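Please open the structure in a viewer and display the side chains as sticks. The stops below may be followed in order, with one selection at a time.

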Amino acid sequence: MKFFVDSAEIDQIAELNDLGMVDGVTTNPSLIMKSSRDIIEVTKEICSIVSGPVSAEVTATEAETMIAEGRKLSKIADNIAIKVPLTWDGLKACKVLSGEGNMVNVTLCFSANQALLAAKAGATFISPFIGRLDDINIDGMDLIEDIRVIYDNYGFETQILAASIRTVNHVLESARIGADVMTAPPAVIKSLASHPLTDKGLAAFLADIEKTGQKIL
Ligand code: G3P
């Protein structure tokens with residue numbers, strides 16, 4: 001499973017990237033706002049650190065303007081994936097931009113039928129939002145499962161990018177179902193390393209070695 005970092009915070013992306021944990025990055029207008037950075041500048045900086053796909057989202061709602069914005073974003077670097085929303089205009093933009101050889105990430109997907117449309121429009125990635133479905137008491141994992149089955153039934157190459165990942169269980173379940181990619185905030189990725197039995201076991205080992213009075217260094 002590929003790991004994308006859902007962030008526009010350079011330090012956090014760089015820290016995870018140095019550990020080999022970053023196969024790509026996803027940003028969106030809210031993450032750009034949080035970073036307090038200029039969208040073009042911060043996206044360029046992220047692309048200079050990370051070699052995998054870096055999603056940058058259009059802000060227009062009408063296809064022609066989305067296409068123009070997408071073309072501008074694609075000039076930032078070779079590894080830009082243009083992110084468009086799953087609207088009818090977004091699908092039109094996806095078709096044109098992917099036809100021009102760009103990676104396109106279709107975002108804000110909340111149904112398997114939407115995912116089917118995105119694949120037919122040539123999306124490189126489809127981003128189903130797990131956490132936001134859970135927020136309204138719909139199991140987001142059912143959506144990942146449905147999309148996996150449908151894409152496999154027909155051999156669609158669009159990659160399932162599990163998004164709006166908020167918990168370690170979201171990561172685990174997405175991996176079990178076979179999502180191609182998951183994107184999560186840095187804190188969620190780091191929390192994958194935590195387990196209370198690891199902490200407890202380590203504390204016991206350290207206490208025991210201290211009793212022996214031995215030191216390695
Ligand atoms: O990848 C999409 C993500 O940024 C949305 O996450 O937690 O705002 O639903 P969230």
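Is Lys 211 buried or exposed? Select this residue in the model, which is a predicted one. Lys 211 counts as exposed, because its relative accessibility is 67%.

**Helix H11**

Keep Lys 211 in view and add Asp 208 to the selection. The two residues form a salt bridge, with 3.0 Å between the closest N and O atoms. Both belong to helix H11, which covers residues 196-212. Lys 211 and Asp 208 are three residues apart there, so about one helical turn separates them. Asp 208 is partly exposed, its relative accessible area being 41%.

Next, select Leu 202, Leu 206 and Ile 209. Together these side chains make up a nonpolar patch on the surface, with an accessible area of about 270 Å² in total. Ile 209 is a residue of helix H11. With a relative accessible area of 41%, Ile 209 is partly exposed.

**Salt bridges elsewhere**

The structure contains nine salt bridges. For another of them, move to helix H8, which spans residues 140-154, and select Arg 148 and Asp 152. A salt bridge joins Arg 148 to Asp 152, and their closest N and O atoms are 3.1 Å apart. The two positions are four residues apart in the helix, so they are separated by about one helical turn. Arg 148 counts as buried, because its relative accessibility is 12% and the limit for that class is under 20%. Add Asp 180 to the selection: Arg 148, Asp 152 and Asp 180 are linked in a network of salt bridges.

Then select Arg 37 and Glu 45. This pair also forms a salt bridge, and the closest N and O atoms are 2.8 Å apart. Arg 37 is partly exposed, at 31% relative accessibility. Glu 45 likewise counts as partly exposed, at 31% relative accessibility.

**Strand E6**

The following stop is Ser 127, which is located in strand E6 (residues 125-128). Which residue does the side chain of Ser 127 meet in a polar contact of 2.7 Å? Display Asn 105: the polar contact joins its side chain to that of Ser 127. Ser 127 is buried, with a relative accessible area of 1%. To see its surroundings, extend the selection to the residues in contact with Ser 127, leaving aside neighbours within four places in sequence. They are Asn 105, Val 106, Thr 107, Leu 108, Cys 109, Leu 161 and Ala 163.

**The ligand site**

Keep Ala 163 selected and show the ligand, since Ala 163 is among the residues that surround the ligand. The others are Asp 6, Asn 28, Phe 129, Arg 132, Ser 164, Arg 166 and Thr 183.

Which distances should be displayed here? Begin with Arg 132, which has a polar side-chain atom 2.6 Å from an oxygen atom of the ligand. Continue to Ser 164, where a polar side-chain atom lies 2.7 Å from a ligand oxygen atom. Finish with Arg 166: an N or O atom in its side chain is 2.8 Å from an oxygen atom of the ligand. Taken alone, the ligand exposes 310 Å², and the protein buries 80% of that area.

Definitions and conventions
Residues numbered from 1 in each chain as written. Predicted model: local features only at pLDDT ≥ 70, side-chain atom pairs only at ≥ 80, totals over all residues. Heavy atoms only, no water. Salt bridge = Lys/Arg side-chain N within 4 Å of Asp/Glu carboxyl O. Buried < 20%, exposed > 50% of the residue type's maximum accessible area, 1.4 Å probe, protein only. Patch = residues over 30% accessible without salt bridge, like charges linked within 9 Å, V, L, I, M, F, W, Y side chains within 5 Å. Areas by Shrake-Rupley, 256 points an atom, 1.4 Å probe, with all protein chains shown as cover. Polar contact = N/O pair within 3.5 Å; in protein donor to acceptor, adjacent residues only side chain to side chain. Contact = heavy atoms within 4.5 Å. Near = heavy atom within 4 Å.
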